[in-house]
Amino acid sequence: MMRTTVIFKSVAITLALLCGMAASAKSKTNYDESKVPNYILPELLTCNDGTKVTTAQEWESRRRPEIMEFFSKSVYGQTPEGELKVKYKVVAKDRKALGGKATMQQVMFTFSNGKMVQRALALVYYPNSRKKTGAPVFIGYNFKGNHGTSNDTKILYSPYFDSISNRKSELLQRGVQSERWPMEQIIDRGYAAVTMCYHDIYPDREDGAAQSLIRLLPTTKDEGSRWQAIGVWAYGLSSIADWVERQPWANREQMCVIGHSRQGKAALWAGVQDERFKVVISNNSGCGGAALSKRVFGESIRFITKRFPHWFCKDFTKYSEREAELPFDQHQLLALVAPRHLYVASASLDRWADPKGEYLSAYHASPLYKLYGMKGLESEQMPKIGEPIMNDVGYHIREGKHNITPYDWGHYLDFCDKVFGYKVVNK
Ligand code: GTR
């Protein structure tokens with residue numbers, strides 16, 4: 001009896017070890033181009049029933065809704081209908097910011113559904129030079145609080161950081177990510193910028209929902225397609241646009257949404273859903289953002305849904321280690337931006353985000369731009385570092401690590417100047 005147990009146990013241990021080895025081999029991140037599976041990308045211009053799309057009108061009425069449905073039911077989750085009441089309060093203003101070139105404002109957003117409220121603080125800079133004509137505006141989140149974007153002590157702590165200040169004082173560091181929001185560079189080029197800490201909208205933690213805007217909005221019955229953090233962050237970006245478009249200093253026809261990395265994923269999803277964003281910019285957004293999932297290079301669906309279970313809707317996990325079964329891929333998400341302008345950027349050392357997958361995704365979205373008589377990316381070959389492409393779809397790859405830098409911003413500013421027809425100023 002004992003012997004049998006031992007044999008049984010050792011078989012079980014061997015089996016467990018083998019399974020463990022298989023699982024870890026399976027889950028090993030692929031950084032080898034020769035190991036990219038032979039994937040077939042889902043068709044952009046063929047409807048689910050096989051009908052081919054040949055006109056922009058057919059795309060808008062038939063194919064676009066099919067792709068939209070997939071991303072909202074199986075990737076990011078459904079954005080609920082219904083609007084929240086929002087009160088805006090200017091809590092600080094400096095008409096002579098950045099040496100007099102800009103006006104700085106800090107605006108408290110108080111979202112309410114009549115029962116609960118959520119506060120989020122926007123940091124705004126607009127150029128005094130374009131006060132009369134209205135400036136084009138970048139809208140995007142920051143990671144470390146508004147105070148993390150600048151050394152200026154007039155900039156208040158974002159509400160989320162106020163709430164945790166006793167616990168993690170290192171998060172209260174001022175200016176830690178100032179190079180990610182180079183306000184002076186943006187202002188010198190005649191642009192406005194509005195940023196907010198993404199934790200104010202949905203704290204980026206597994207249990208963040210309880211402190212997020214999600215509490216205030218109705219949820220969909222189907223649990224699998226219920227929205228989570230990326231969906232809510234996207235909603236927050238549109239809420240910022242609701243305020244910006246009413247500001248006299250803003251050109252409401254020139255709102256651009258921008259995001260780095262996880263915020264790039266949210267910026268894409270916001271840009272797809274909200275047509276007021278005329279330029280949509282994804283900086284190093286990687287898996288679940290611009291990069292093609294079917295290449296399974298760098299970060300995978302398995303990793304991202306395990307490590308960040310609060311980002312995508314639950315149904316997205318169905319494709320964990322089953323990328324080949326995805327009926328859609330991220331090039332179709334990018335195509336949903338057309339005919340508005342799209343810019344995708346990568347960094348050479350950012351293999352986790354799969355630069356080639358980000359490029360190819362924008363390339364494979366380009367037939368849609370052609371359908372609209374516009375010019376997307378024309379070559380399957382990635383451009384070299386330092387050779388940005390500025391067609392109706394823009395792309396560049398920067399030397400270096402996962403980040404958003406003044407170099408990246410320089411290209412975004414050039415692209416937007418081209419899209420909006422501005423003469424390049426103060427470059
Ligand atoms: C990583 C994550 C990526 C990306 C990145 C970031 O840990 O795996 O998908 O979003 O974080 O946001 O910097």
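Between which two strands does the loop that holds Arg-130 lie? In this predicted model, Arg-130 sits in the loop that joins β3 and β4. To see what surrounds that loop, it helps to begin with the sheet.

The sheet is open and has 10 strands, in the order β1-β2-β3-β5-β4-β6-β7-β8-β10-β9, with mixed pairing. Its edges are formed by β1 (85-96) and β9 (389-390); each has a single partner strand, so one side of each has no neighbour in the sheet. Strands β2 (residues 102-112) and β3 (residues 117-127) are antiparallel and share 11 bridges. Within this pairing, Val-107 has Ala-122 in β3 as its bridge partner.

Two helices pack on the sheet. Helix α7 (residues 229-244) touches β1, β2, β3, β4 (135-142), β5 (192-197), β6 (250-260) and β7 (277-283), and its direction makes about 150 degrees with that of β4. Helix α8 (residues 262-273) touches β4, β6, β7 and β8 (341-347), and its direction makes about 140 degrees with that of β6.

How do the two helices lie relative to each other? Two packed helices are described by the angle between their axes and the distance between the axes. The axes of α7 and α8 come within 8 Å and cross at roughly 60 degrees, and the two helices are therefore oblique to each other. The crossing of α7 past α8 is right-handed. Residues of α7 that take part in the contact include Trp-233, Ala-234 and Leu-237, while those on the α8 side include Ala-266, Trp-269 and Ala-270.

Strand β4 is touched by α7 and also by α8. How many of the residues of β4 are buried? The count is 8 of its 8 residues, and the strand is mostly covered. On one flank, β4 pairs with β6 in the parallel sense over 4 bridges, and Ile-139 stands opposite Val-257 in β6. The pairing of β4 with β5 is also parallel and runs over 6 bridges, with Val-137 opposite Ala-192 in β5.

This leads back to the loop before β4. Is Arg-130 buried or exposed? Its relative accessible area is 14%, and a residue under 20% counts as buried, so Arg-130 is buried. Residues that Arg-130 touches, beyond those up to four places away in sequence, are Ala-135, Pro-136, Arg-189, Gly-190, Tyr-191, Trp-249 and Tyr-422. A polar atom of the Arg-130 side chain lies 2.8 Å from the backbone oxygen of Gly-190. Arg-130 and Lys-101 are 29 residues apart in sequence, and their C-alpha atoms are 10 Å apart in space.

Technical notes
Residues numbered from 1 in each chain as written. Predicted model: local features only at pLDDT ≥ 70, side-chain atom pairs only at ≥ 80, totals over all residues. Heavy atoms only, no water. Pairing = 2+ DSSP bridges. Contact = heavy atoms within 4.5 Å. Axes fitted to C-alpha atoms, helices over the stretch in contact; angles between N-to-C directions. Buried < 20%, exposed > 50% of the residue type's maximum accessible area, 1.4 Å probe, protein only. Polar contact = N/O pair within 3.5 Å; in protein donor to acceptor, adjacent residues only side chain to side chain. Parallel < 35°, antiparallel > 145°, perpendicular 65-115°, else oblique. Left-handed = near helix turned anticlockwise from the far one by under 90°.
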